[in-house]
Each structure stands twice: as C-alpha cells, then as structure tokens.
Amino acid sequence: MAQPTVVRLPAGTPVDEVLEVLDRDGGVVVTNLISQEILDQVARELKPHEQPDQVWKGNFFPEATKRICGAFGKSQTYAKEIFLNPLYQEICQRRLTITKKSRYGDEIRTFVCKPIGNTSTMFDIGPGAEAQQLHRDDGVQHIEHPTKQPTLMNMLVAQTRTTPENGATVVIPGSHKWPDLEDSHPLPEQAIPVCLEPGDALIFDGAVFHGGGANVTKAERRKVLGAFMVQGNLRSEENIFLHFNPSVAKEYPTEALEAYGYKAASSGLGWVDYREPLDAVLGRGKPAPGSLDFGNVGITV
Ligand SMILES: O=C(O)CCC(=O)C(=O)O
Ligand SMILES: [Fe+2]
C-alpha cells in the first residue's frame, strides 16, 4: 500500500479542491500562500516580543522551544495577512460555521454562528528540542470523536524552512476520523513530517493527531506562524472579559474570579500567554516566568 502523505496543492487551487483533500485526509499543504515580503514584515513586528532562551518547565512543550502568543494583537500584518488569509478564512467559514434552527414561540428561527479566533501563536523550535507528544488540539475543548464537522481549523505558515531535521510539524493523515482514547493510539512511526518552504501553509482539522517535530540540527531554528479558528458557539454568552477586564477583576477575591472564568481548565482551555490567567494578568498564585506552569495540563488518569 502506498505510504500516506500530506497532499500539496499550489496557492490558487479552487477552494472546493482544497476542501476535498482536507475532509478526506484531515490536513493539506498549500504551497506559496504567503509572500516573503509579508513574512519579513511579520517577523519585524513580532521581534520585540521574542522570548529569551529559557528552560521550559511545563509538560506540553519540549525544552528548547519558544513561542510568541497573541500574535494577532502584536502584529497587524499578521492579523491582516496571515489570520485573514482569504483561502484560510473561506475554509474556516465553510467548515466551522454552525447553522441551527431554534424554536422562538410560534416561530422557528435559523441562527447562524460564525467561527472566531482560537489562538494565534508563533512556534519556534530550537536545536536540541525533542519531539512534542502527538495530540489533538481539540482535546483542549474536550471534543468527542469522531466529530460531525471540525471544531477547530488550524493553519501553520512556515516562516523558516521546515524539515524532518529541524522540527517540521508531523501529522497522521486520516486520524481526524479516529474515535477517542484506546482505539486511537497515535504512534510516532505513523506521523509524517510536513516539509514546508517559507510561505507554504499546512492547514489541518483540529482533530488530527500532530505535533512539533524534534530539532536535531546544531543551529537551525524552525519557526511557523499559527492561525487557529474555533466554532463560534464555544464561548460564554456575555463577552465577560470585555465588561470584566483585569483592571476591574483585580479588586475581586480569587474564588470569585475562578468561578467567573479567570482560571484555565486542566486541559489548558482559557490560558493566556500559556499561563494561568490569574498568574498572568493579576499576579496571583505562584509565578511561572515566561510560561504557563502547565503542570496540570493533560493530567494522565
Ligand atoms: O510547533 C508545531 O509544529 C506544532 C505545535 C502544536 O501542535 C501545538 O502547540 O499545539
Ligand atoms: Fe497542536
């Protein structure tokens, strides 16, 4: 049987063709999606936010890896040209939008819910980093598998070349259709490194098993720009963090903040800068410099 691969399609391929591959395999590469000029501009805008080299203390990211979280708010070029890339947004609108009929007295109304941003992170894998554990990003949202439609849609745009040696993202094609837990144990030998040239994009369903690869080079850093969207119903009804922002919240007791949403779930859901929000924005709890003490995340049961 032919070795599974991640299909590569050139930018400009009709969206229906891209979706056909994405639905079937759970992931697809679109080559030459973003120009070098845009990559350079994003790099300039993100540069002031680079983390110093440090030892990562949590258990989700291997040591020698670094990130810039909240790239959407740190680089307007990233927001406009990467996150809002027309092909990526069209895919998200078509696969993540929820249309649902709902009884409203005598009427039946049709409600339409568009996807929203999930995260925006630049992932930097340095020399000596081990491979990340294979995982499903939608595990953070406690999604059951197989799903009827994707819950998350992810895009990783190569800022540098990505190779099997420098930590190219690995994916298991078809694994978005696997059921949960014991029937779907992802094995490293099933995972395929996705080699990208700068500006190429890997677009994948958040149910696909994947992970950052190991970087066995001496001096190459591997950087990808992540744009992630989620079904729009996965949020509170009231936009609580706008009316109850950190400047107001700091006057409240910790228990009230935890109950209202200022605490991440053990899966990590609700983090800010990969940190517990109470630590990151209010300076409460134990300090975890530069990173979330994701010690709780993905507790093994
Ligand atoms: O760095 C990568 O290639 C992937 C990172 C990733 O999958 C994650 O952090 O969820
Ligand atoms: Fe991931």
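The following exercises, each with a worked solution, treat the sheet, helices, ligand shell and selected residues of one predicted model.

Residues are numbered from 1 along each chain as its sequence is written, while chains are lettered from A and ligands numbered from 1 in the order in which they are written. Because the model is predicted, local features need pLDDT of at least 70 and side-chain atom pairs count only at pLDDT 80 or more, whereas totals for chains, interfaces and linings use all residues.

**Exercise 1. Determine the strand order of the open sheet and identify its edges.**

Step 1. Helices (H or I, at least four residues) and strands (E, at least two) are DSSP runs, numbered from the N terminus. Two strands pair if DSSP finds at least two bridges between them.

Step 2. The open sheet has 7 strands in the order β1-β2-β10-β7-β12-β6-β3, and its pairing is mixed.

Step 3. The edges are β1 and β3 (65-68). Each has a single partner strand, so one side of each is left without a neighbour in the sheet.

Step 4. From one strand to the next, the twist averages 25°. Angles run from 0 to 180 degrees between N-to-C directions, and axes are lines fitted to C-alpha atoms, for helices over the stretch in contact.

**Exercise 2. Describe the pairing and burial of β12 and β3.**

Step 1. Strands of a sheet pair through backbone hydrogen bonds, either parallel or antiparallel.

Step 2. β12 runs antiparallel to β6, to which it is joined by 9 bridges; I116 has V230 in β12 as its bridge partner. β12 also runs antiparallel to β7, through 7 bridges, and here N154 stands opposite F228.

Step 3. β3 and β6 pair in the antiparallel sense over 4 bridges. T65 stands opposite I125 in β6, and R67 stands opposite F123 in β6.

Step 4. A residue is buried if 20 or more other C-beta atoms lie within 10 Å of its own, exposed if 12 or fewer, and partly exposed in between, with C-beta atoms placed from the backbone. In β12, 8 of its 9 residues are buried. In β3, both faces are covered: T65 and R67 on one side and K66 and I68 on the other are all buried.

**Exercise 3. Characterise the crossing of α2 with α4, and locate α5 on the sheet strands.**

Step 1. The axes of helix α2 (residues 36-46) and helix α4 (residues 76-83) come within 8 Å and cross at roughly 145°.

Step 2. This crossing is left-handed, meaning that the near helix is turned anticlockwise from the far one by less than a right angle; clockwise would be right-handed.

Step 3. Residues are in contact if their C-beta atoms, placed from the backbone, lie within 7 Å. I38, Q41, V42 and E45 of α2 meet T77, Y78, E81 and I82 of α4.

Step 4. By class, this contact has 4 nonpolar, 2 polar and 2 charged residues. Ala, Val, Leu, Ile, Met, Phe, Trp, Tyr, Cys and Pro count as nonpolar, Asp, Glu, Lys and Arg as charged, and the others, Gly among them, as polar.

Step 5. Helix α5 (residues 86-96) lies across β2 (27-31), β7 (152-158), β10 (201-205) and β12 (222-230), and runs at about 165° to β7.

**Exercise 4. List the shell of ligand 1 and the elements that supply it.**

Step 1. F123, I125, Q132, D137, T169, H210, G211, G212 and V224 surround ligand 1.

Step 2. At least two residues of the shell come from each of β6 (116-125) and β11 (210-211).

Step 3. By class, the shell has 3 nonpolar, 5 polar and 1 charged residues.

**Exercise 5. Are H142 and Y274, with their positive phi values, buried or exposed?**

Step 1. H142 has phi near 60°, although the residue is not glycine. H142 lies in the loop between β6 and β7, where P146 is also found; the peptide bond from H145 to P146 is cis, with omega near -5°.

Step 2. H142 is exposed, because 11 other C-beta atoms lie within 10 Å.

Step 3. Y274, likewise not a glycine, has a positive phi of about 55° and lies in the loop between α8 (254-260) and α9 (277-282).

Step 4. Y274 is buried, because 23 other C-beta atoms lie within 10 Å.

**Exercise 6. Describe the surroundings of V7.**

Step 1. V7 lies in the segment before β1 (8-10).

Step 2. V7 is partly exposed, because 17 other C-beta atoms lie within 10 Å.

Step 3. Not counting residues up to four places away in sequence, V7 touches V21, D25, V28 and V29.

How values were computed: A residue is near a molecule or strand if its C-beta atom, placed from the backbone, lies within 6 Å of it. Two residues are in contact if their C-beta atoms, placed from the backbone, lie within 7 Å.
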